[in-house]
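The following exercises concern ligand environments and pockets. Each task is followed by a worked solution.

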Amino acid sequence: MLARAKWDVIVVAAGRGTRMGTAESKQYLLLEDKPILIHTLQLFEAMEEIAEMVLVVGAQDVTRCEELLLQYNLHKVKAVAAGGSERQHSVRIGLSLLHGDWVMVHDGVRPLVTPAAVRACMAAAERSEAAVLAVPVKDTIKQVNESGIIVATPDRRSLWAIQTPQAFRRSLLQEGHERAAAEGFVGTDDASVVERLGVSVTVAEGDYTNIKITTPEDLPWAEFLLASRKQE
Ligand SMILES: Nc1ccn([C@@H]2O[C@H](COP(=O)(O)OP(=O)(O)OP(=O)(O)O)[C@@H](O)[C@H]2O)c(=O)n1
Ligand SMILES: C[C@](O)(CO)[C@H](O)COP(=O)(O)O
């Protein structure tokens, strides 16, 4: 039986990609034969659980992205909006354009997320109203002060590297963003604005191939992972 399409997705791609160090914003760099962002959008386009998407991009890229949507037949993207100065602002802009009950937020530069991982995140959110994809950290993580001195070594067993998508009942995410804006809070992920409401956010275990393409060495790694999948 086909799953009911009940999830909407905000794909955020309005960043400048400064850590990548390229003239072209990293979300438009080619991964194999098409832009990284297109890989990401095609993943959700193909999932029957997804009703519609909103794409949030740099103001200068709105027209370009509208043309890409036509070129790649990305019919579920119902709007392309100009983002804000921070990722959180871009999310909030996307959120204002959606009205379904359930919403996921996904980084446009995480093109390698799998449908199975997305489904695990959606299922966890449908149980708890808020869930994020994550993986246990493999390295020892330490807190270091401004002088470069280690001040704490958290127990690694409790540490997870948080990914996207992050999935929520839309009204909850909306409340979190409104509270954060009113209080001037800016976090680095979407769960943080919901945690501030005192809501428990569930972790759904994803996989280590769902990398965020951030710095130059991530590009060959993404190419390798994509090629490896084709051989599976
Ligand atoms: N104001 C912003 C900042 C980031 N993003 C998006 O959020 C995702 C994760 O952000 P990140 O990897 O940090 O991308 P950039 O901000 O572009 O990278 P950098 O910090 O190196 O400039 C990316 O898809 C990015 O385009 C966004 O939509 N709006
Ligand atoms: C949302 C995120 O991908 C979770 O790990 C991460 O916080 C984004 O951080 P960025 O600095 O905006 O890439």
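**Exercise 1.** How far is an oxygen atom of ligand 2 from an N or O atom in the side chain of Arg 19?

*Solution.* The model is predicted, so local features need pLDDT of at least 70 and side-chain atom pairs count only at pLDDT 80 or more, while totals for chains, interfaces and linings use all residues. Residues are numbered from 1 along each chain as its sequence is written, chains are lettered from A and ligands numbered from 1 in the order in which they are written, and side-chain values use heavy atoms, with hydrogens and water left out.

Step 1. The Arg 19 side chain places an N or O atom 3.1 Å from an oxygen atom of ligand 2. This is a polar contact (a pair of N or O atoms within 3.5 Å).

Step 2. Asp 107 has a polar side-chain atom 2.5 Å from an oxygen atom of ligand 2, and for a polar backbone atom of Thr 188 the distance to a ligand oxygen is 2.7 Å.

Step 3. Ligand 2 has 360 Å² of accessible area on its own, and the protein covers 74% of this (Shrake-Rupley method, 1.4 Å probe).

**Exercise 2.** Which backbone and side-chain atoms lie 2.7 Å from an oxygen atom of ligand 1?

*Solution.* Step 1. One is a backbone N or O atom of Gly 17; another is an N or O atom in the side chain of Thr 18.

Step 2. A polar backbone atom of Gly 84 lies 2.9 Å from a nitrogen atom of ligand 1. The protein buries 88% of the 560 Å² that ligand 1 exposes when taken alone.

**Exercise 3.** Which pocket do ligand 1 and ligand 2 take up, and how many residues line that pocket?

*Solution.* Step 1. Ligand 1 occupies space in the largest pocket, as does ligand 2. A molecule sits in a pocket if more than half of its atoms lie within 2 Å of the grid points. A pocket is an open set of points, on a 1 Å grid over the protein atoms alone, with protein on both sides within 12 Å along at least five of seven lines; lining residues have an atom within 4 Å of a point.

Step 2. The lining comprises 31 residues, with Gly 15, Arg 19, Lys 26, Arg 87 and Lys 212 nearest the centre of the pocket.

Step 3. By class, this lining has 7 nonpolar, 15 polar and 9 charged residues, with Gly counted as polar.

Technical notes. A polar contact is a pair of N or O atoms within 3.5 Å; within protein, one must be able to donate a hydrogen and the other to accept it, and residues adjacent in sequence count only if both atoms are side-chain atoms. On a 1 Å grid over the protein atoms alone, a cavity is a set of points where a 1.4 Å probe fits but cannot get out, and a pocket is an open set with protein on both sides within 12 Å along at least five of seven lines; lining residues have an atom within 4 Å of a point.
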